[in-house]
Amino acid sequence: LLVHPGSTAPSRTYPAPFWAAAVREIAAATDWPVVWSGGPNERSFVSLTRDAAGVGHSLAGELTFAELAALVAVAPLLLTNNTGPAHVAAAVGTPVVDVYAQTNAQHGPWRVPNRVLFADVPCRGCRRSVCPVGHHRCLRDVPPDAVTAAALDLAAEVGLVGRGARRALVGSGAVAG
């Protein structure tokens, strides 16, 4: 599992504790290895998030763009915000779960298996890098368990989780039937 939790815009960055909770649940349900990525300016955010999740290895700030693109290309699944790696995933065919701030609704993943999660808020489409009203509800109203369910459902759809595992996940309520 590749997780790119940061973004250049604070208005498009899902909160660290939410990422941590979702990734911790996904890792527990799947035993997948977790790799965290981020740019040089995101090292501390990624470290904080990874430490809170308690799983994985961070490559934040260590990769060139070409190396990040190669990592996205070999990842079986990417979790991210609406930021550059989501578009790279679409370009290379990597399934992506995109926690999507509604700041600019036209830039979602395209032609790749995906789940786009967002909260429909009155201020959607603001096109701001910093939340102009300060509540960040477009992201904060997306619960971590929705990210977990989306990731596990997408993984089952693309064959990363076998049918027996999917049935168990559906039975547990983690994935919609």
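Colleague: What does the accessible surface of the protein chain come to, and what share belongs to carbon and sulfur atoms?

Modeller: This is a predicted model, and the values are computed from it. The accessible surface of the protein chain comes to about 8300 Å². The share of that surface belonging to carbon and sulfur atoms is 55%.

Colleague: How many of the residues count as buried, as a percentage?

Modeller: A residue is buried if its relative accessible area is under 20%. The protein chain has 177 residues. Of these, the part that counts as buried is 49%.

Colleague: In what order do the elements run from the N terminus on?

Modeller: The secondary structure comes to seven helices and six strands. Read from the N terminus on, with β for a strand and α for a helix, the order is β-α-β-α-β-α-β-α-β-β-α-α-α.

Colleague: Which strands are the edge strands of the sheet?

Modeller: The six strands form an open sheet with parallel pairing, in the order 3-2-1-4-5-6. An edge strand pairs on one side only. The edge strands are therefore strand 3 (57-58) and strand 6 (114-117).

Colleague: Which residue of strand 2 stands opposite Val-3?

Modeller: Strands of a sheet pair through backbone hydrogen bonds, either parallel or antiparallel. Strand 1 (residues 2-4) and strand 2 pair in the parallel sense, over two bridges. Opposite Val-3 in this part of the sheet stands Trp-36.

Colleague: Which strands does helix 6 lie across?

Modeller: Helix 6 covers residues 144-157. Its direction is at about 165° to strand 6. The strands it lies across are strand 4, strand 5 and strand 6.

Colleague: Are helix 1 and helix 6 parallel, antiparallel, perpendicular or oblique to each other?

Modeller: The two helices pack with their axes 8 Å apart, at an angle of about 40°. Residues of helix 1 that meet helix 6 include Phe-18, Trp-19 and Ile-26, and those on the helix 6 side include Val-147 and Leu-152. An angle under 35 degrees would count as roughly parallel, and one from 65 to 115 as roughly perpendicular. Helix 1 and helix 6 are therefore oblique.

Colleague: Is Asp-31 buried or exposed?

Modeller: Asp-31 is found in the loop between helix 1 (16-30) and strand 2 (35-36). Its phi is near 65°, a positive value in a residue other than glycine. Exposed means a relative accessible area over 50%. Asp-31 has 69%, so this residue is exposed.

Definitions and conventions. Residues are numbered from 1 along each chain as its sequence is written. This is a predicted model: local features need pLDDT of at least 70, side-chain atom pairs count only at pLDDT 80 or more; totals for chains, interfaces and linings use all residues. Side-chain values use heavy atoms; hydrogens and water are left out. Helices (H or I, at least four residues) and strands (E, at least two) are DSSP runs, numbered from the N terminus. Buried means under 20% relative accessible area, exposed over 50%, partly exposed in between (1.4 Å probe, protein chains only). Two strands pair if DSSP finds at least two bridges between them. Contact means heavy atoms within 4.5 Å. Axes are lines fitted to C-alpha atoms, for helices over the stretch in contact, and angles run from 0 to 180 degrees between N-to-C directions. Accessible areas come from the Shrake-Rupley method with a 1.4 Å probe; for residues, only the protein chains shown count as cover. Angles under 35 degrees count as roughly parallel, over 145 as roughly antiparallel, 65 to 115 as roughly perpendicular and the rest as oblique.
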